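Here's a quick tour of one protein model, written for someone at the bench. Have the viewer open as you read.

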Amino acid sequence: MQRGAAVAKKVNIRKQDKVNSKDILKILEKHSDDRGGLIAILEDIQTKYGYLPEKALRIVGEKTNRSLVDIYSVATFYRFFSLKPKGEHLVCACLGTACHVRGAPRVVSELEQQLGIKAGQTTADNKFTLETVNCLGACALGPVVVIDGHYFSKVKRSKVKQLLDKAQEGFDKLDIGKDERIFPIDVSCPHCSRSFRDEIVVIDGYPSLKVNVAVDGKKGELRLSSLYGSFNISTEFEIPEGTIASFICPHCGSEIKSTSDCSDCGAPMIPMLVSGGGTVQICSRRGCKNHMLDLV
Amino acid sequence: MITLKINGLEVSVEKGTTILEAARFLGFPIPTLCHMDGLTPYGACRLCVVEIGDGPRAKLVSSCTYPVEEGLKVRTASSRVLKARKMILELLLASCPQSKTIQDLASAHGIRQQRFKQEYDDCILCGLCVRVCQEQMMAKAIGFRNRGEKRSIGTPFDVKSDVCRLCGGCMYVCPACQLRCTYNEPEKAICGGCANLTPPCVQKEQFDDMMCYMSPCVACEIKKD
């Protein structure tokens, strides 16, 4: 049971956000060119809220000239869609034929016992939602359990508690030094090509990367971890979560800015050259972990 | 024109007619539940099965959705058809044992006993009410929900629909639900045909395009007096 056969993108389940008609309109605009793309619209709404709020469905009906009956019948037909809010962590147990003969029902009953709910329900504290699926297509690895987009293979009854504890801690906490997906990179300014490497301050056991940042008129130094995959930073002053910082090269003083925006939050991306060829882009919003690495 | 044989009788009908229409026109009775003139054929109840083709290639099809073909051989009352129809009726009766329409059909087909467990669903999911609401009343207030054994008919979110004009058409066409009336729970009402009666036609004034299936309307007659 290693860290997942495949590390899928974490399903972003936010707590019951208030339905904002602007957000729905944005989603509808995205799909305005494909006629009949109702399922795609509903998928996007479900990704945003974790479920399909009644208000959102009514807005979709109004704006796309579909009757609520049609939308509701699609939303209730597919099992993927949920009309009830889901918990923070989504636990999906496979009950397909292969997993079934390998003992999936025992795993499911253990999950039910540990969480104190039946399959398809959400715990009272809104932490966990337990669902069963009919096949995940990873039959050779059965019984398969997916928690928050992380796949676990050959799950046994005895491993269930451990899995749930780990889920509560969060899978995004990385074990630096042990995880092979984390490696140090050296980056430099895209304008003057001078390295950001700073030997004086050490983060995660490696020399940090120093850049100057400006937030709301305040200027200061920002040190990033040079480990790709680590989000540890140290700053001279507190940068509140969610604010967008502008990055300035400490050598040539020019602002580093990409023409592309973050696909998650829309803030500008910050491009940096990777020594050995390629670029890495990080999101300029504090707290947003979106990044891209293009190696040549 | 298309020439086909129905029960050995060679007939010509216009292209595009269904077997059911052709057979009924010629006077061969085929029982139906989910078929209604003026609504799109749906083929849900399967009661209108007929046998087409011959020998080992003969098969059962629903006549209400099958357009006539050149040289088609149709048998509307072969032993295979009657056997299948009887079975279908027994199953329908098991899901809606209280329906007068289905009881009558069953007794006409010689069903005297029930083999299957009675479910009291009061709905055979024939979609008549959904189609009346959509195609004749232009409302789309009710529709199918869920899937498989959980499939049901009703309004979205089980609350009274904004587009429902309480015409009662869905109840009028229903072959199964003598007990569907939910006006004593107005929040869940799916049609509220009885709302047209007491208090007399309360909601009628609200709608310019109100259509009422009751003609003459009892409530309106009372009001006039």
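## Salt bridges and polar contacts

Across the interface of chain B and chain A there are two salt bridges, each being a side-chain nitrogen of Lys or Arg within 4 Å of a carboxyl oxygen of Asp or Glu. One of them pairs Lys140(B) with Asp70(A), at 2.5 Å from N to O. Three residue pairs also make polar contact across this interface, both residues being at pLDDT 80 or more. A polar contact is a pair of N or O atoms within 3.5 Å; within protein, one must be able to donate a hydrogen and the other to accept it, and residues adjacent in sequence count only if both atoms are side-chain atoms.

This is a predicted model: local features need pLDDT of at least 70, side-chain atom pairs count only at pLDDT 80 or more, and totals for chains, interfaces and linings use all residues. Residues are numbered from 1 along each chain as its sequence is written, chains are lettered from A and ligands numbered from 1 in the order written, and side-chain values use heavy atoms, leaving out hydrogens and water.

## How much gets covered

Chain B puts twelve residues into the contact and chain A puts in 13 (contact means heavy atoms within 4.5 Å). About 1,100 Å² is buried between the two chains, 64% of it on carbon and sulfur atoms; buried area is the accessible area (1.4 Å probe) that two parts lose on being put together, summed over both. On the chain B side, Lys140(B), Arg147(B) and Phe157(B) lose the most area to chain A, together 55% of what that side buries.

## A loop residue in chain A

Ser275(A) is partly exposed, at 46% relative accessible area (partly exposed lies between buried, under 20%, and exposed, over 50%, with a 1.4 Å probe and protein chains only). The C-alpha atoms of Ser275(A) and Leu295(A) are 9.7 Å apart, with the two residues 20 apart along the chain.
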